[in-house]
Amino acid sequence: MKLNLFVVLVFSHFVLACFAQEKKHSVISLNLGMNRLDFQSGIAYGYCWDRLQVISSLEVGINRSIFQRRIFPRLTIGGAYKLISKYNFCFGPQLTFSHSMLKLNKVSTHLNTWNEIYLGARMELGTKWRFIYSMAAGWQNERYFNTYLNRKSSVNSLGFNVNVGLAYAW
């Protein structure tokens, strides 16, 4: 019980300290990335306090959406901490959660879904216009309809994500 109270107090102090920072700005970016499932392209929005950044993005799979004519969306939320922030260079850890879904064929009525939790590094270069690069790895869970068992099943595996993007900050 004492440990839980200590963790809550430390976490709340960290959050209040981050929100009390003076330097606040927004960032919007166009991203191109790759993971185990597909090549991804999309738009991201970030809100930054001095060193803490909250990120959300909406992407679509290029191979499956364009070439296979199936919509393959991916929604990501996460955060990054700018460990190094000098001049026009920022670098630090990043933690993200992503969810994507796909209907494998026109005959099936079931959706495959993927949940991903990745820990990695994020780098930004520039002031107003920024080049963004992030690389992460972690846990990936796929839920699919198993026709043999006639129910949903899931498989866990290791996954990765690499993203490059061009952002504008205001």
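Which strand does Gln 94 lie in? Gln 94 lies in strand S6, which covers residues 89–102. The legends below walk through this predicted model, starting with the whole chain and then moving in on a few places.

**View 1. The whole protein chain has 2 helices and 9 strands.** Following the sequence, you will meet the elements in the pattern α-β-β-β-α-β-β-β-β-β-β. Of the 170 residues in the protein chain, 35% count as buried. Among contacts with a separation of 6 or more, 51% are made by residues 24 or more positions apart. The protein chain exposes about 10,800 Å², and carbon and sulfur atoms supply 69% of that area.

**View 2. Gln 94 sits in strand S6 and is buried.** Its relative accessible area is 7%, and because the cut-off for buried is under 20%, Gln 94 falls in that class. Setting aside residues up to four places away in sequence, Gln 94 touches Ile 55, Gly 79, Ala 80 and Ser 134, among others. Its partners also include the run Tyr 118, Leu 119, Gly 120, Ala 121 and Arg 122. Take a look at Gly 120 here: 26 residues separate it from Gln 94 in sequence, yet the two C-alpha atoms are 5.2 Å apart in space.

**View 3. The side chains of Gln 94 and Arg 122 make a polar contact.** The distance for this pair is 3.2 Å. Arg 122 is worth keeping in mind for the cavity view, where it is listed among the lining residues closest to the centre of the largest cavity.

**View 4. The largest cavity holds about 230 Å³ of space.** Which residues that line this cavity are the closest to its centre? They are Asn 31, Ala 44, Ile 55, Arg 122 and Asn 163, out of 23 lining residues. Two of these names, Ile 55 and Arg 122, also appear among the residues that Gln 94 touches. Strands S1 (25–35), S2 (39–48), S3 (52–61), S4 (73–81), S6, S8 (129–146) and S9 (151–169) each supply at least two residues of the lining. In total, the structure holds 2 cavities of 30 Å³ or more.

**View 5. Five residues make up the largest nonpolar core.** The members are Val 27, Cys 48, Ile 132, Ala 167 and Ala 169. For Ala 169, leaving aside neighbours within four places in sequence, the contacts are His 25, Ser 26, Val 27, Thr 127, Lys 128 and Arg 130. Val 27 therefore turns up twice in this view, as a core member and as a contact of Ala 169.

Technical notes: Residues are numbered from 1 along each chain as its sequence is written. This is a predicted model: local features need pLDDT of at least 70, side-chain atom pairs count only at pLDDT 80 or more; totals for chains, interfaces and linings use all residues. Side-chain values use heavy atoms; hydrogens and water are left out. Helices (H or I, at least four residues) and strands (E, at least two) are DSSP runs, numbered from the N terminus. Buried means under 20% relative accessible area, exposed over 50%, partly exposed in between (1.4 Å probe, protein chains only). Contact means heavy atoms within 4.5 Å. Accessible areas come from the Shrake-Rupley method with a 1.4 Å probe; for residues, only the protein chains shown count as cover. A polar contact is a pair of N or O atoms within 3.5 Å; within protein, one must be able to donate a hydrogen and the other to accept it, and residues adjacent in sequence count only if both atoms are side-chain atoms. A nonpolar core is a set of buried Ala, Val, Leu, Ile, Met, Phe, Trp, Tyr and Cys residues joined through side-chain atoms within 4.5 Å. On a 1 Å grid over the protein atoms alone, a cavity is a set of points where a 1.4 Å probe fits but cannot get out, and a pocket is an open set with protein on both sides within 12 Å along at least five of seven lines; lining residues have an atom within 4 Å of a point. Grid points are joined across faces, edges and corners, and a volume is the space filled by probe spheres set on the points.
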